[in-house]
Amino acid sequence: MSENLMPHIRLPKDLDVDCALLPGDPARADAVATHLEDAELLASNREFRSWRGTYKGKKVLVTSTGIGAASCAIAVEELIRCGVRNLIRIGSCGALQPECALGDLILVTGAIRDDGTSTAYVEAQYPAIPDFDLLSACREGAAAEKIPYHMGICRSHSCLYGERNPELYSYWTGKRAVASDMETAVLFVLGSLRGVRTASILNVVAASQSSVAEDIGKYASKEATSMSGEEREILTALEAFTRIQA
């Protein structure tokens, strides 16, 4: 049996699910499972926790990817080998623009590749963009649930506590990037390279010009209003899956 399992996410090659949600936190995977019918925990190994169920008759998988591009890439590569063809990241981000408040959603239209993992795959000139149809489905899902959202470019990076971060945040704010995360760029690059659909819905957990560490701490301890954003991004992504063709 183990010979048929992916080495890290521990899921079988014949999974028979083509849609997957990708939170970072394993606990958020558990939260997604509460929205699914017949939810079944399939595997839990390291940062990778996977549930399978249905939403409005659509088979859905949710697999947590951990923090950062490297672990996200491992999950995405192995999910593709399991037959997944539509992947939506539902993750947290820091806002770079003042109009993006705590709990707001951002539908990402493209990503600045400031991570190390995506450049290990292909040169930096290669764009990090979502699949148009899946992004459109996310927009339709948000509209159907009457969930407000922003659209724009995010910056994906690999260093949360770098000494140059304030300078870099200021620079990319001036270039009209709307948010900062750590996983979207590599997801988009892999989607293009492997021929699968990808999209990213981000929940603002750190406001522009705020202390990222402090705001993330509040979010983790369930104190922030952005917890409502977590529910919004889950519903938006699930609704998106009901709107796409196989």
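**A chat about loops, helix H2 and the cores**

Student: Where does arginine 176 lie?

Tutor: Arginine 176 sits in the loop between helix H5 (165-174) and strand S8 (179-181), and you should keep in mind throughout that this is a predicted model. Although arginine 176 is not a glycine, its phi is positive, at about 70°.

Student: Which residue other than glycine has a positive phi near 50°?

Tutor: That is lysine 56, whose phi is near 50°, and lysine 56 is found in the loop between S3 and S4.

Student: Buried or exposed, that lysine 56?

Tutor: Lysine 56 has a relative accessible area of 58%, so it counts as exposed.

Student: OK, helices now. How many residues are in H2, and how far does it reach?

Tutor: Helix H2 covers residues 69-81, which makes 13 residues, and from its first C-alpha to its last it reaches 18 Å, close to the 18 Å expected at 1.5 Å a residue. Just after H2 comes glycine 83, with a positive phi near 100°.

Student: Why call H2 largely enclosed?

Tutor: Because 10 of the 13 residues of H2 are buried, the helix is largely enclosed by the rest of the structure. The buried residues are Ala69, Ser71, Cys72, Ala73, Ala75, Val76, Glu77, Glu78, Leu79 and Ile80, so you will notice that Glu77 and Glu78 are on that list as well.

Student: And what covers them?

Tutor: The cover includes strands S1 (19-22), S3 (48-55), S4 (58-63) and S5 (86-95), together with helices H3 (117-121) and H6 (184-194).

Student: Which residues have the most contacts inside the largest nonpolar core?

Tutor: That core has 40 residues, and those with the most contacts inside it are Ile9, Leu11, Leu61, Val76, Leu79, Leu87 and Ile106. Two or more residues of the core come from each of S1, H2, S5, strand S6 (105-114), H6 and strand S9 (197-206), and H2 gives the most, with 7 residues.

Student: What does leucine 11 touch there?

Tutor: Not counting residues up to four places away in sequence, leucine 11 touches Asn4, Leu5, Met6, Leu42, Ala43, Ser50, Leu61, Thr63, Leu79 and Cys82. Apart from the largest core lies another core, of 29 residues, among them Ala33, Leu36, Val60 and Leu135.

Student: Ala33 is in H1, right? Which residues are buried in that helix?

Tutor: In helix H1 (residues 26-33), the buried residues are Arg28, Ala29, Ala31, Val32 and Ala33. At the start of H1, a side-chain oxygen of aspartate 25 comes to within 2.9 Å of the backbone nitrogen of alanine 27.

Student: Switching topic: how many disulfides?

Tutor: The count comes to 0 disulfides. Take cysteine 72, whose sulfur is 11 Å from the closest cysteine sulfur, in cysteine 154, and therefore too far for a bond; for cysteine 82 the closest cysteine sulfur is in cysteine 19, at 14 Å, again too far for a bond.

Student: Are those two buried or exposed?

Tutor: Cysteine 72 counts as buried at 3% relative accessibility, and cysteine 82 counts as buried at 2%.

Student: How many aromatic pairs are there?

Tutor: A search of the whole structure finds 1 aromatic pair. Tyrosine 171 and tryptophan 172 form that pair, which is edge-to-face, with 4.9 Å centre to centre and 85° between the planes. Tyrosine 171 is partly exposed at a relative accessible area of 44%, whereas tryptophan 172, at 19% relative accessibility, counts as buried; the cut-off for buried is under 20%.

Student: What else is in contact with arginine 155, besides tryptophan 172?

Tutor: Leaving aside its neighbours within four places in sequence, arginine 155 is also in contact with Ile112, Asp114, Leu168, Tyr169, Ala179, Ser180 and Asp181. Arginine 155 lies in strand S7 (residues 149-157) and is buried, with a relative accessible area of 3%, and a polar contact of 2.8 Å joins its side chain to that of aspartate 114.

Student: Last one: where is lysine 146?

Tutor: Lysine 146 is placed in the loop between helix H4 (132-144) and S7, and at 74% relative accessibility lysine 146 counts as exposed. Lysine 146 and arginine 232 are 86 residues apart in sequence, yet 9.7 Å apart in space, C-alpha to C-alpha.

Notes. Residues are numbered from 1 along each chain as its sequence is written. This is a predicted model: local features need pLDDT of at least 70, side-chain atom pairs count only at pLDDT 80 or more; totals for chains, interfaces and linings use all residues. Side-chain values use heavy atoms; hydrogens and water are left out. Helices (H or I, at least four residues) and strands (E, at least two) are DSSP runs, numbered from the N terminus. The expected span of a helix is 1.5 Å times one less than its number of residues. Buried means under 20% relative accessible area, exposed over 50%, partly exposed in between (1.4 Å probe, protein chains only). Contact means heavy atoms within 4.5 Å. Rings of Phe, Tyr and Trp (its six-membered ring) pair if their centres lie within 6.5 Å; planes under 30 degrees apart count as stacked, over 60 as edge-to-face and the rest as tilted. A nonpolar core is a set of buried Ala, Val, Leu, Ile, Met, Phe, Trp, Tyr and Cys residues joined through side-chain atoms within 4.5 Å. A polar contact is a pair of N or O atoms within 3.5 Å; within protein, one must be able to donate a hydrogen and the other to accept it, and residues adjacent in sequence count only if both atoms are side-chain atoms. A disulfide is a pair of cysteine sulfur atoms within 2.5 Å.
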